Amino acid sequence: MARHDKKAKKKPSSPNRQNSKDELSTNNTESDSSALQRAGFVRRLLAMIYDTLVATAVGMCAAMVMIVTLVVMLKNGALDLQGYAEPADLIQASPGYKLLIQTWVGLWIAGFFLWFWRRGGQTLGMRAWRLRIYSTVEEPMTWPRLLIRLVASLGGLGTLLVLFDFKNKQSLQDRLAQTEVLKLTKEANDHKSW
């Protein structure tokens with residue numbers, strides 16, 4: 001199976017230390033991502049809970065930036081208050097402003113997942129639970145494939161397929177984007193091996 005990451009660089013052994021056969025085979029196995037197992041449902045769920053907390057914080061910060069920007073623009077006359085006394089009243093009453101804020105927040109949350117998946121194959125929650133996304137085909141992890149993965153996850157519901165797919169342990173988003181989520185060893189989860 002193809003993997004989208006580079007092989008981890010092996011650290012040179014010190015001249016005073018001799019590696020046994022078992023240590024060498026363990027190092028080779030750990031650096032070889034084909035020896036890793038696909039992640040089960042519980043580990044994925046725990047990573048999703050962690051990521052939900054982080055994504056909520058990202059969304060709250062994004063919303064705050066947009067709301068403050070709108071309030072400043074409305075107070076300074078750059079945008080029309082449309083007869084409302086306060087900017088907050090207009091923002092709460094206007095479907096257009098609500099849609100703008102929701103779209104802005106949604107883009108930031110989507111960007112959070114896409115950026116982390118593209119940069120290292122892991123979100124913060126996946127890193128905490130030693131999970132990583134790999135490609136199952138001989139193609140790089142492109143933005144369109146990652147976008148398909150994000151949309152196909154259906155807000156996490158796509159992962160429920162792992163409960164019924166005992167043999168392959170693949171979620172809906174894994175199948176459609178031709179990816180897999182593998183459980184990493186502690187050494188493979190080290191950011192220096194990216």
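1. Helix α4, to start with. Its 26 residues should span 38 Å at 1.5 Å a residue, and the end C-alpha atoms are 38 Å apart, so expectation and model agree. Bear in mind that this is a predicted model. The helix covers residues 95-120. Its buried residues are Tyr-97, Ile-101, Val-105, Phe-112, Phe-113, Leu-114, Trp-117 and Gly-120. What lies over them? The cover includes α2, α3 (87-93), α5 (124-128), β2 and α6.

2. Not everything in α4 is tucked away. Arg-119 lies in this helix and is exposed, with a relative accessible area of 61%. If you like checking long-range pairs, Arg-119 and Met-141 are 22 residues apart in sequence, with their C-alpha atoms 9.9 Å apart in space.

3. Now the aromatics. The count of aromatic pairs comes to five. One of them joins Trp-104 and Trp-108: the ring centres are 5.9 Å apart and the planes meet at 65°, and an angle over 60 degrees counts as edge-to-face, so that is what this pair is. Both residues sit in α4, four residues apart, or about one turn of the helix. As for exposure, Trp-104 has a relative accessible area of 29%, which makes it partly exposed. Trp-108 is also partly exposed, at 44%.

4. Further along there is Phe-113 with Trp-117. How are these two rings arranged? Their centres are 5.8 Å apart and their planes are at 50°, so the pair is tilted. The spacing along α4 is again four residues, about one helical turn. As a reminder of the geometry, an α-helix has 3.6 residues a turn, so residues three or four places apart point the same way. Phe-113 and Trp-117 are both buried.

5. Those two rings have company. Ring pairs join Phe-112, Phe-113, Trp-115, Phe-116 and Trp-117 into a cluster. Trp-117 also has a charge to deal with: the charged end of Arg-149 sits over its ring, 5.0 Å from the ring centre. If you plan to look at one aromatic side chain here, you could start with Trp-117, given both the cluster and the arginine.

6. On to the packing. The largest nonpolar core has 15 residues, and the members touching the most others are Phe-113, Trp-117, Met-126, Leu-131, Ile-133 and Val-181. Two or more residues come from each of α2 (41-75), α4, β2 and α6 (143-152). Which element gives the largest share? That is α4, with four residues. Separate from this core is another, of 10 residues, including Met-66, Leu-74, Ile-101 and Val-105. In general terms, nonpolar side chains tend to be buried together in soluble globular proteins.

7. Met-126 deserves its own point. Setting aside neighbours within four places in sequence, Met-126 is in contact with Ala-47, Asp-51, Trp-117, Gly-121, Leu-131, Arg-132, Ile-133 and Val-181. Among these partners, Trp-117, Leu-131, Ile-133 and Val-181 are also on the list of core members that touch the most others.

8. The sheet is open and has three strands in the order β1-β3-β2, with antiparallel pairing. At its edges stand β1 (37-38) and β2 (131-135); each has a single partner strand, so one side of each is left without a neighbour in the sheet. Strand β3 (residues 179-183) pairs with β1 over two bridges and with β2 over five. For registry, Gln-37 stands opposite Lys-183, and Tyr-134 stands opposite Glu-180. Is β3 mostly covered or mostly open? Mostly covered, with four of its five residues buried.

9. Last, two backbone angles to look at. Gln-82 has a positive phi of about 55° without being a glycine, and this residue is in the loop between α2 and α3. Gln-178 likewise has a positive phi of about 55° and is not a glycine. Its place is the loop between α8 (172-177) and β3. Gln-178 is partly exposed, with a relative accessible area of 34%.

Technical notes:
Residues numbered from 1 in each chain as written. Predicted model: local features only at pLDDT ≥ 70, side-chain atom pairs only at ≥ 80, totals over all residues. Heavy atoms only, no water. Phe/Tyr/Trp six-rings, centres within 6.5 Å; stacked < 30°, edge-to-face > 60°. Buried < 20%, exposed > 50% of the residue type's maximum accessible area, 1.4 Å probe, protein only. Lys NZ or Arg CZ within 6 Å of the ring centre and 35° of its normal. Pairing = 2+ DSSP bridges. Core = buried A, V, L, I, M, F, W, Y, C linked by side-chain atoms within 4.5 Å. Contact = heavy atoms within 4.5 Å. Expected span 1.5 Å × (residues − 1).
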